[in-house]
Structure formats: structure tokens, C-alpha cells
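Reader: I've got a model open on my screen and I'd like to learn how to read it. Could you walk me through a few features?

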Amino acid sequence: MSERASEDWKPRGHGEPSNSADPSFRKGSESPGDWPPELFEEHGRELLAVLRAHFESIREVPVTVPRGTGELSASLRQDLPEHGVEFERVLDDTRELVLPYLVHWNHPSFHGYFSNSASFPGILAETMTAALNVNAMLWKSAPAASALERVVLGWVAEMVGYPAEADAVLVNGASLATLYALATARDAALGPSVRVEGLAGRDLPVLRLYTSDQAHSSVDKAAITLGFGQVNLVKVPSDERYRMRPEALEAAILDDLAAGYKPVAVVATVGTTSVGAADPLQEIADVCERNGVWLHVDAAFGGFWRLAPSLAGQVEDLTRADSLVVNPHKCLYIPMEATVLHCRHEGALADTFRLVAEYLTSAQDEHTVDYMNLTPQLGRSFRALKLWWVIRTFGRTGLAERLEHSVELAVGLREAVTAEPLWRCPVDSIYPLVCLRYEPSQDREVCDRLNAEIVEELNASGEAFVSHTVIDDGYVIRVSIGNIHTTRADVERLWRALREIAARRFPLARAA
Ligand SMILES: Cc1ncc(COP(=O)(O)O)c(C=O)c1O
């Protein structure tokens, strides 16, 4: 800037904006600025007080309060704010207009989908992460964050029994981890030319993927996104325990080879979403090895439970997976979003995703890992910090005790259900996922409807939250136990509520 221009260029100075309560505007300051740090601390304390009160009385907090979709949308609709308001108002509005109408996943009576937990050290780590706002794309852009990522990835590998020297990276969720793993499997099958020439208009065989009919929908989404096409995702039938049939898998692969197709990857699941089944990994790995097919294992839910002493030795051995996904945000008391993608083939993820623009070049040595090279994501938050804090604060033993507690609660619930006339658990799982069904009638449709009504009424009551699935036996209620605050009394209360609703809805239950 020339001397003259610099003289001409005068900061405007920020006066009090009309009717603004935004305290960052300090009259005459040279920047619009942020809150002064002391105000940040003051509001931080207010927020922590709100959260402390929330968790101290969490059992009086409804898991959710039903509200019509239109009414809820209308209550939050607001013109773009022209001027700032006091933070107290923002916080009050959050308490009044938002909090009641969430579904409180971090609640001891939340048992829907896969019940997860944001533990207190994890919550505080998220605050620190946001405050530092580090971008962990390169070692150079985030040295200690990259070094720490490597450390926690090694710990996770050790906890789930995967080779610690395998490549690994933190990503936001299992769905994208599977997408990335299958992109790498595809490139490994086709070779590096696919990066340059793409797939279209080339004389390539039809590429095929295989998974069980119980696999998570993220596998379908990956097949769609990566250009395999849904018709080329072969859904291998599962057995009566919802486990993939290895002999059916091999038959499908051999049929495809005979037809001139190219089998690329098998996705096996450890802890299926619907009922918590686990595919027989060793037999599947044998099939993959015999036929030169990549094995990706989705252990998003099931991977960590081997830490629970009573499940040690029962969880499938994951070591033979070419790539593996596990979800610390599902089972390890880490706030969302935190997933680990492992790949035993050194450099394979980078072969697919490494592309370094000039402005991202940096010096390399034997210690540097640039995590931007292992997935398509460039800007990455400092996810490693929350893993570091939670794993260090609880330790492996503390994590194992907590996981074991959930397993024990699930065993107790399963026993109670099995002992109750008219109720049954149509499918078993080693994991703390209990599928139950009320059957006061021989009529399957009547029972399906009744169980759906029970779920709806329970969830509307705010007392607890469960979800459902449909299996060979029909509609079943899924109770996932995994929240860090859940106690035996919470599960007993849930079981009582389910029976009371059932008895009211279908008086036969009263006679039983
Ligand atoms: C077995 C399994 N795989 C993948 C996913 C997708 O996980 P995410 O929500 O982290 O993408 C889920 C979600 O519940 C799951 O149960």
C-alpha cells in the first residue's frame, strides 16, 4: 500500500450500532471484534451451569416432547437478524424453543438406533477443539494434532485388535468410511489408471460388490456414489441368525467370475444395525482370499465390544479385514462425529486420495502424516483431541467397565422379557441390543400393529425412546443400551412402561 493510500485509508472505527446488544462492538475500537475474553468466560460459566442442571435432573427431562412439524417450524422461523441480541436471550430461546423438541440422545432413557454417549471429558474436548479451530489437513498446518491423531489411531487399533501399523484416519462417520474404503478397493482392483482415465467409455468388466441382506444402507449408498450401481451390489442371503452365508457368497462370486464380471469387494458386518448380528468373518475372509477379493469390515457398532470382559473372545477377530471401520462415536463415549477407517495395505488410501496442490505442499520426513491424503476431505477438525481426552480420562479399564455395564443391563432385560408371558426376544445378540416383541395374538399383523403402537406411545410419553426393525418374525422393538448414564433402574422403568402400554393397548396382557 502506498504511503498516500495508507494515510487515506482510515479504519472506520466501530461506534455503537443502532439498537444492538452485541457486546463485541466497542465504541472506537479498530475491529468489530469478538466478545471480550472475560465475557466469553462469563457466558461459558452460564452455559456450563445450564448443562450441569440439565444432567443433574436428567431423569426429569423428557427424552422428547412431541410437537407438530408445522408448529415447530413456525416457532423457530425468524427473519435474518439485523442486529445482535444479548447472549442470555439466545441461550433462553435455546432452552425454551429448541431443547424440549430435540430427541435427547445423551439421555439415560434413550435406547433408539444405537444408543451412544457424549461423556463429559468428550464434551469439554469439543469446546477446546472449537476454541482452537485447528485445521488438521497437513502435519504442517496442525503438527501436534496430526501427531496426536496417529497416537489415538494406534490406541483404537489396539483396542479393536487390528494391526497398529496399518494406515488409519479419523473421519466423520462410518458411511463415508465405507465409501472411502470401497473407492480404495476399486482402485486396487483396477490399478492406478482409474484415477486418470475414470470408468466411463472404457472396455472394463462389470465391477461387483457383495454384502449381506442385513448390511447397512451406507453400502448401497457407496455403490451408488462410486458408480458400481445398485444392481452390482449383490445382497448375499443371511442365515436364520441374520449372518451372511459364506457358501452363498462364494457361489455368487464364482457365478460372477464365470459371467465375466469383476468381483471387487465384500462388505461384512460385525454388529448389524437391525439386530446386532455378526457375519462369520473367518469363513468370509477365506472366500475373499481364495478369490482375490478385498474384504471391508463394517464394525461400526460391533468393533469395540471385545473390550467388555464377558464378550472378550466372542467378538469376531477383525485382523483379516483389508479395511475396517469402527465408530468411537457409537460405543466409546466420544461425542459425534468420530469414526476410524483402518486399512492394512500401506499407502492404498493415499493411492486413491492423495493429490497435493501447490499451495498445500510441505516438507516431509519419516514422522509426517498429512491426513488430507487419506480421504477426499481437506479441511478437517481436530477430532483426535476428544479421543485423547476420553481414552486418557477413563483408561482402557474404565471403558471396559462401562461397556460391560451395558452388556449386563441388556442381559438382565433379555431375561426379564423371556420370563414374561406374551413377550419374547425373537433374536439374540451378544451386544447390548435387545429385540423384543409383544405377542398376545396369533395374528402376525395384529402383533405388528400393536408393537408399532407401543413404540409410538412410549416415544410420545417422553419417558424413554426406542426404535424398531422388521425381521422374519415381524415388527420388533429395538432397545439399544449404551448410554453412559443408564442404570439398572432406568432399564427396569423402561420395561415397566412397555408392559403397561402393552396391557392398556391389548387387555389380554392383564389376564396374563
Ligand atoms: C452397522 C452400521 N454401519 C454404518 C452405519 C453408519 O454410521 P454413521 O452414522 O457413522 O455414518 C451405521 C449406523 O448406525 C451402522 O449401524
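Author: We'll go through aromatic rings, helix packing, buried residues and some backbone oddities. Keep in mind that this is a predicted model.

Reader: Let's start with the rings. How many aromatic pairs are there in the whole structure?

Author: A search of the whole structure turns up 12 aromatic pairs. One of them is W105 with Y113, a stacked pair whose centres are 5.5 Å apart, with 10° between the planes.

Reader: What are those two values for?

Author: The general idea is that a pair of aromatic rings gets described by the distance of the centres and the angle of the planes. A pair counts as stacked when the planes are under 30 degrees apart, and here the angle between W105 and Y113 is 10°.

Reader: Are W105 and Y113 buried or exposed, or something in between?

Author: In between. W105 has 33% relative accessibility, so it counts as partly exposed. Y113 is partly exposed too, at 45%.

Reader: Which residues make up the aromatic cluster with W105?

Author: F110, Y113 and F465 join W105 in one aromatic cluster.

Reader: Where do charged side chains sit over rings?

Author: Try R67 first: it lies over the face of Y101, 4.7 Å from the ring centre. Then go to R402, whose charged end sits over the ring of F394 at 3.8 Å from the centre.

Reader: On to helices. What do I look at when two of them pack?

Author: Look at how far apart the axes are, the angle between them, the hand of the crossing and the residues that touch. Take helix 5 (residues 120–132) and helix 14 (residues 384–419): their axes come within 8 Å and cross at roughly 150°. Angles over 145 degrees count as roughly antiparallel, and therefore that is the label for helix 5 and helix 14. Their crossing is right-handed.

Reader: Which residues of helix 5 and helix 14 meet?

Author: From helix 5 you have P121, G122, L124, A125, E126, M128 and T129, and they meet L385, K386, W389, V390, T393 and F394 of helix 14. You've come across F394 already, as the ring under the charged end of R402.

Reader: Some of those numbers are three or four apart. Why would that be?

Author: As a general point, an α-helix has 3.6 residues a turn, so residues three or four places apart point the same way.

Reader: How does helix 14 pack with helix 16?

Author: Helix 14 and helix 16 (residues 488–505) pack at about 30°, and their axes are 10 Å apart. That angle makes helix 14 roughly parallel to helix 16. The contact is made by E408, L409, L413, A416 and V417 on helix 14, with R488, V491 and W495 on helix 16. This crossing is right-handed.

Reader: What about buried residues? Which ones does helix 9 have?

Author: In helix 9 (residues 217–225), the buried residues are S218, V219, D220, A222 and A223. Their cover includes helix 7 (174–190), strand 3 (207–212), strand 4 (233–236) and strand 5 (262–269).

Reader: An aspartate in that list! What does D220 touch?

Author: Leaving out neighbours within four places in sequence, D220 is in contact with Q230, L233 and K235. Its relative accessible area is 16%, so it counts as buried.

Reader: Can I see another buried one?

Author: Sure, go to A157 in helix 6 (residues 143–160). Its relative accessibility is 1%, so A157 counts as buried. Not counting residues up to four places away in sequence, A157 touches Y162, P163, A164 and H342.

Reader: Last topic, the backbone. Where do I find a cis peptide bond?

Author: Between M336 and E337, where omega is about 10°. E337 is in the loop between helix 12 (328–331) and strand 8 (339–343).

Reader: And which residues have a positive phi?

Author: Among them is G227, just after helix 9, with a phi of about 85°. Y113 has a positive phi too, near 45°, and it isn't a glycine. You'll find Y113 in the loop between strand 1 (110–111) and helix 5. L422 isn't a glycine either, and its phi is positive at about 75°. The place of L422 is the loop between helix 14 and strand 9 (423–427). At 28% relative accessible area, L422 is partly exposed.

Note on methods:
Residues are numbered from 1 along each chain as its sequence is written. This is a predicted model: local features need pLDDT of at least 70, side-chain atom pairs count only at pLDDT 80 or more; totals for chains, interfaces and linings use all residues. Side-chain values use heavy atoms; hydrogens and water are left out. Rings of Phe, Tyr and Trp (its six-membered ring) pair if their centres lie within 6.5 Å; planes under 30 degrees apart count as stacked, over 60 as edge-to-face and the rest as tilted. Buried means under 20% relative accessible area, exposed over 50%, partly exposed in between (1.4 Å probe, protein chains only). A charge sits over a ring if NZ of Lys or CZ of Arg is within 6 Å of the ring centre and within 35 degrees of the ring normal. Axes are lines fitted to C-alpha atoms, for helices over the stretch in contact, and angles run from 0 to 180 degrees between N-to-C directions. Helices (H or I, at least four residues) and strands (E, at least two) are DSSP runs, numbered from the N terminus. Angles under 35 degrees count as roughly parallel, over 145 as roughly antiparallel, 65 to 115 as roughly perpendicular and the rest as oblique. A crossing is left-handed if the near helix is turned anticlockwise from the far one by less than a right angle, and right-handed if clockwise. Contact means heavy atoms within 4.5 Å.
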